[in-house]
Amino acid sequence: MPLIDKKLRDMRHIPEEELHAYLDQALSRSQCVEIESHLASCPPCRQARDGIAALRDRTTALLATLAPPRPIKPAYADLRAQAAARILKKRRIVRAVGWAASISLALGLGWIANSWIGAGPPPATAVAPLPATPVAMPESAPASPVEVPDRESQIRVASEPHPIPAPTREPEPKTPDASLAPATDRFQSVAAGIPTEPLRVEIIPVQQLAGDLPTAGLWRSVSWDGAQAESDAWIPRVEGLPVVTVQVQGDQQGSGKPLTVVAQRLSSGQMIQTVEGPIAKVSDLLSHQSGPTVTASVEMNDNSGTRQDDRMLAIYGSVPIDTLRAFLLKVR
Amino acid sequence: MTDDLKNLYETTYAAVVRFLYRKVWDPDRAEDLAQEVFVRAMKHNPDKPRAWVFAVAANLARDEARAAVRRKRHLTLLKSDPTPLTSPQRSAEDLIEHNEKLERMREALHALTPRDQEVLLLWDAGLSYPEIAEQTGLAVGAVGTTLARARRRLVDAFDRQEAERHAAHS
């Protein structure tokens, strides 16, 4: 037997699965080099490789016959809107369940207390901590920052049913500008004045740094008067701050309120933006923002008294989150 | 992350529909489920979106299969098959033959073990060996072995059915 044949026979051939992995490009570079150098000198392995390549191609071709018709891909934005609506719905359900649980607990406690005390009247305190409405701004709060606008619009800040101790955290230790301090303080005082219904403002994590406004859709900068006319006189913004720009997205044909972004300047020169519009659009816009963001849901009645759902309000800007929360309370 | 998901959606949607179709055998349902998968991905923002999307797709398909069994609903390939190669010019005979071939192919796929089937379909959907390993619980090194076996068995099963068909016709 010639020496070369013996050498080939003794050579370890490449296992089948390794050839599959090699053809599937699932091996490291060094493994590929090793296999290729072996293939160069081993005709049986080359033959095996060709056989596996053919098998692989045939499998792919057979599987390709099992394909559905070309699917119609819905627009990404449509699916995003569905996802946003679901997130909101879930939050509402969680909130409702929380409320129900609190009421049941309070009633349960009341009943227990009642049975302990005897046949006397039920203690009034048993249900007292539960306010009647989610917007629990105590009337005694000094200069209540949430005032019901004179038109039929209301901002409902997300609220938690369970009492949380009033914030013990100090306001931002290094407030960059003195003008921000009163707002933060006001938020603190308001929160401290609500023993059972602290405000919970959701913080949306934002991963991306992008421009001010997403490119999708046509934005128009409008004058204050023009914006008021277009938005049916209500343009949400933080009261008491100078408005720099008002940008609007949406048609002017009266088919619903448009999406508005009001940019306002703090005395420190920093900018904050107040956004109001359909949930999908607002969340899409927020997904392009960096820095802290606070949101609230909006309830709105049109002239015929019909409730228009699925709108959302948000404030963002490169200022501390507590400051944004305070500003949210000052939105008119 | 949002852009990652958007890119993934643009590049992978068709593969997810195909992956689901090969499990539920109903093109409309496969599209519905694929959309559901991406809506969930947007809601959860997973770290490894591609692997996540296929894992959820596999779970949805499994739930769907269980529900179908409960309802005793039998979808046949002939009823729901897409006929991607069908054209108006194709004769009725050709169409029947094409559908029979699809049916044999589907049976060949079902002849594989669930694990072999899963690995093969995930590979065909474009997942890498490490992604397949993570989803199926196999070691990365075992993916090649499984894929080698699955490919061989699929082709063998299909050829066996072709041979049986020829024998029956002659």
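This is a short walk through a predicted model of a complex with a chain A and a chain B.

Okay, let's start with how far the predictor trusts itself. For the complex, it reports an ipTM of 0.79 and a pTM of 0.48. Chain B has an average pLDDT of 84, and 85% of its residues score at least 70. So where in chain B is confidence lowest, and where is it highest? The low end is helix α4, residues 77–80, with a mean of 45. The high end is helix α6, residues 114–124, at 94. And if you're looking at residues 73–83 of chain B, keep in mind that the pLDDT there is below 50. In the model, that stretch still has 20 contacts beyond near neighbours in sequence.

Now, chain A. You'll find nine helices and eight strands in it. Of its 332 residues, 29% are buried. If you take the contacts in chain A with a separation of 6 or more, 67% of them are between residues 24 or more positions apart.

Let's zoom in on some of those strands. Strand β4 of chain A, residues 243–249, pairs with β3, residues 219–222, in the antiparallel sense, over four bridges. One place to look there is R220(A), which stands opposite V248(A) in β4(A). β4(A) also pairs with β5, residues 259–265 of chain A, antiparallel again, this time over six bridges. On that side, T245(A) has A263(A) in β5(A) as its bridge partner.

Next up, the nonpolar cores. In soluble globular proteins, nonpolar side chains tend to be buried together. Here the largest nonpolar core has 58 residues, and the ones touching the most other members are V16(B), L20(B), L33(B), A34(B), V37(B) and A57(B). Which element gives this core its largest share? That's α1(B), with nine residues. Pick V37(B) as an example: setting aside neighbours within four places in sequence, V37(B) is in contact with V16(B), V53(B), V56(B), A57(B) and L60(B). There's also a second, separate core of 28 residues, and V222(A), V238(A), V261(A) and Y316(A) are among them.

So how do the two chains meet? The contact takes 37 residues from chain B and 31 from chain A. On the chain B side, α1 (2–24), α2 (27–44), α5 (92–110) and α8 (140–169) each supply at least two residues. What kinds of residues are on that side of chain B? They divide into 22 nonpolar, five polar and ten charged.

Last thing, a couple of backbone oddities. Most residues other than glycine have a negative phi. Q25(A) isn't a glycine, yet its phi is positive, near 55°. Q25(A) is in the loop between α2 (16–23) and α3 (29–41) of chain A. Is Q25(A) buried or exposed? It's exposed, because just 9 other C-beta atoms lie within 10 Å, and 12 or fewer counts as exposed.

Over in chain B, N45(B) also has a positive phi, about 50°, and is not a glycine. You'll find N45(B) in the loop between α2 and α3 (49–71) of chain B. N45(B) has 15 other C-beta atoms within 10 Å, so it comes out as partly exposed.

That's the tour, thanks for listening.

Conventions: Residues numbered from 1 in each chain as written. Chains lettered and ligands numbered in written order. Predicted model: local features only at pLDDT ≥ 70, side-chain atom pairs only at ≥ 80, totals over all residues. pLDDT = per-residue confidence, 0-100. Contact = placed C-beta atoms within 7 Å. Nonpolar A, V, L, I, M, F, W, Y, C, P; charged D, E, K, R; others polar. Pairing = 2+ DSSP bridges. Core = buried A, V, L, I, M, F, W, Y, C linked by C-beta atoms within 7 Å. Buried ≥ 20, exposed ≤ 12 C-beta atoms within 10 Å, placed from the backbone.
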